[in-house]
Amino acid sequence: MFAASSAVVAGVTVAGDLIVLLGDLGAGKTAFVKGLVAALGSAEPVTSPTFTLAQRYRGTRLTLHHLDVYRLSGPDEAADLDIAGLLDDDAVTVVEWGDTIRPALPADLLEARFTFGEGDDDRTITLAAVGPSWSVRLGALGRTL
């Protein structure tokens with residue numbers, strides 16, 4: 001569903017990036033991650049880490065850490081995830097339901113908000129740069145998408 005937009009985002013993603021995915025259940029967050037993982041060069045099957053909290057996918061270009069914090073009650077519970085350590089890794093980190101732990105996240109990230117469209121299969125992704133590193137790249141994403 002989101003393969004093309006995931007590939008475009010993956011094309012400008014660099015090690016240390018944080019992408020926060022927001023949206024209702026079924027809006028396409030995990031589908032977007034599937035596209036990112038494929039675009040980063042991994043053929044591993046992607047599943048939502050709702051119960052395990054984290055998955056790692058090693059791609060040929062970058063590794064992707066996929067976190068789902070839906071079950072966390074707030075930022076205090078995020079300490080065990082060691083997000084700072086993940087961001088120092090040679091990887092990109094994607095957090096589903098990141099608004100739940102927003103105070104525990106760094107101030108430099110790409111926010112992707114998924115909303116339902118008019119049809120059953122219609123979705124909209126709204127991207128917002130938070131902080132300096134994504135601000136420049138957001139313009140490139142807007143021209144490509």
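The exercises below, each with a worked solution, walk through a predicted model.

**Exercise 1. The sheet**

Find the order of the strands in the open sheet, and work out which strands stand at its edges.

Solution. Begin with the order, which for this open sheet of 6 strands is 2-3-4-1-5-6, with mixed pairing. Next, look at the two ends of that order: strand 2 and strand 6 (123–130) each have a single partner strand, so one side of each is left without a neighbour in the sheet. From one strand to the next, the twist averages 20°.

Now take the pairings one at a time. Strand 3 and strand 4 pair in the parallel sense over 6 bridges, and here Leu64 has Val92 in strand 4 as its bridge partner. Strand 1 and strand 4 also pair in the parallel sense, over 4 bridges, with Val20 bridged to Val95 in strand 4. Strand 5 and strand 6, by contrast, pair in the antiparallel sense over 8 bridges, and Ala112 stands opposite Leu127 in strand 6.

**Exercise 2. Strand 4**

Decide whether the residues of strand 4 are buried or exposed, and sort them by the way they point.

Solution. The first step is to count burial: 6 of the 6 residues of strand 4 are buried, so this strand is largely enclosed by the rest of the structure. The second step is to recall a general pattern, namely that in a regular strand the side chains alternate between the two faces of the sheet. The third step is to sort the residues, and the result is that Ala91, Thr93 and Val95 point one way, while Val92, Val94 and Glu96 point the other way, all of them being buried.

**Exercise 3. The nonpolar cores**

Identify the residues that touch the most other members of the largest nonpolar core, and say which elements give two or more residues to this core.

Solution. The largest nonpolar core has 23 residues, and within this set Ile19, Leu21, Leu36 and Leu64 touch the most other members. The elements that give two or more residues to this core are helix 1 (3–12), strand 1 (18–23), helix 2 (29–39), strand 4 (91–96), strand 5 (109–116) and helix 4 (132–144). The largest share, 4 residues, comes from helix 2. A second, separate core of 16 residues includes Leu22, Leu67, Val69 and Leu105.

Two further steps fill in the surroundings. Helix 2 lies across strand 1, strand 2, strand 3, strand 4, strand 5 and strand 6, and runs at about 150° to strand 1. Leaving aside residues up to four places away in sequence, Leu64 touches Val33, Leu36, Val37, Leu40, Gln55, Arg56, Tyr57, Val92 and Val94.

**Exercise 4. Aromatic rings**

Find how many aromatic pairs the model holds, and describe the arrangement of each pair.

Solution. A pair of aromatic rings is described by the distance of the centres and the angle of the planes. The count comes to 2 aromatic pairs. For Phe32 and Phe114, the ring centres are 5.4 Å apart and the planes stand at 70°, so this pair is edge-to-face, the cut-off being over 60 degrees. Phe32 belongs to helix 2 and Phe114 to strand 5, 82 residues apart, and the pair therefore links distant parts of the chain. Both Phe32 and Phe114 are buried.

For Tyr70 and Trp97, the values are 4.8 Å centre to centre and 55° between the planes, and this pair is tilted. Tyr70 lies in the loop between strand 3 and helix 3, and Trp97 in the loop between strand 4 and strand 5, so the pair ties together parts that are 27 residues apart in sequence. Tyr70 is partly exposed, with a relative accessible area of 39%, whereas Trp97 is buried, at 14%.

A last step looks for charges over rings. Lys29 lies over the face of Trp97, at 4.1 Å from the ring centre, and the charged end of Arg137 sits over the ring of Trp134, 3.9 Å from its centre.

**Exercise 5. Positive phi angles**

Locate Leu53 and Asp82, and state how exposed each of them is.

Solution. Leu53, although not a glycine, has a positive phi of about 75°; Leu53 is found in the loop between helix 2 and strand 2 (54–58). With a relative accessible area of 24%, Leu53 is partly exposed, because buried would require a value under 20%. Asp82 is likewise not a glycine and has a positive phi of about 50°, and its place is in the loop between strand 3 (63–68) and helix 3 (83–88). At 46% relative accessibility, Asp82 counts as partly exposed, because exposed would require a value over 50%.

Notes: Residues are numbered from 1 along each chain as its sequence is written. This is a predicted model: local features need pLDDT of at least 70, side-chain atom pairs count only at pLDDT 80 or more; totals for chains, interfaces and linings use all residues. Side-chain values use heavy atoms; hydrogens and water are left out. A nonpolar core is a set of buried Ala, Val, Leu, Ile, Met, Phe, Trp, Tyr and Cys residues joined through side-chain atoms within 4.5 Å. Buried means under 20% relative accessible area, exposed over 50%, partly exposed in between (1.4 Å probe, protein chains only). Contact means heavy atoms within 4.5 Å. Rings of Phe, Tyr and Trp (its six-membered ring) pair if their centres lie within 6.5 Å; planes under 30 degrees apart count as stacked, over 60 as edge-to-face and the rest as tilted. A charge sits over a ring if NZ of Lys or CZ of Arg is within 6 Å of the ring centre and within 35 degrees of the ring normal. Two strands pair if DSSP finds at least two bridges between them. Axes are lines fitted to C-alpha atoms, for helices over the stretch in contact, and angles run from 0 to 180 degrees between N-to-C directions.
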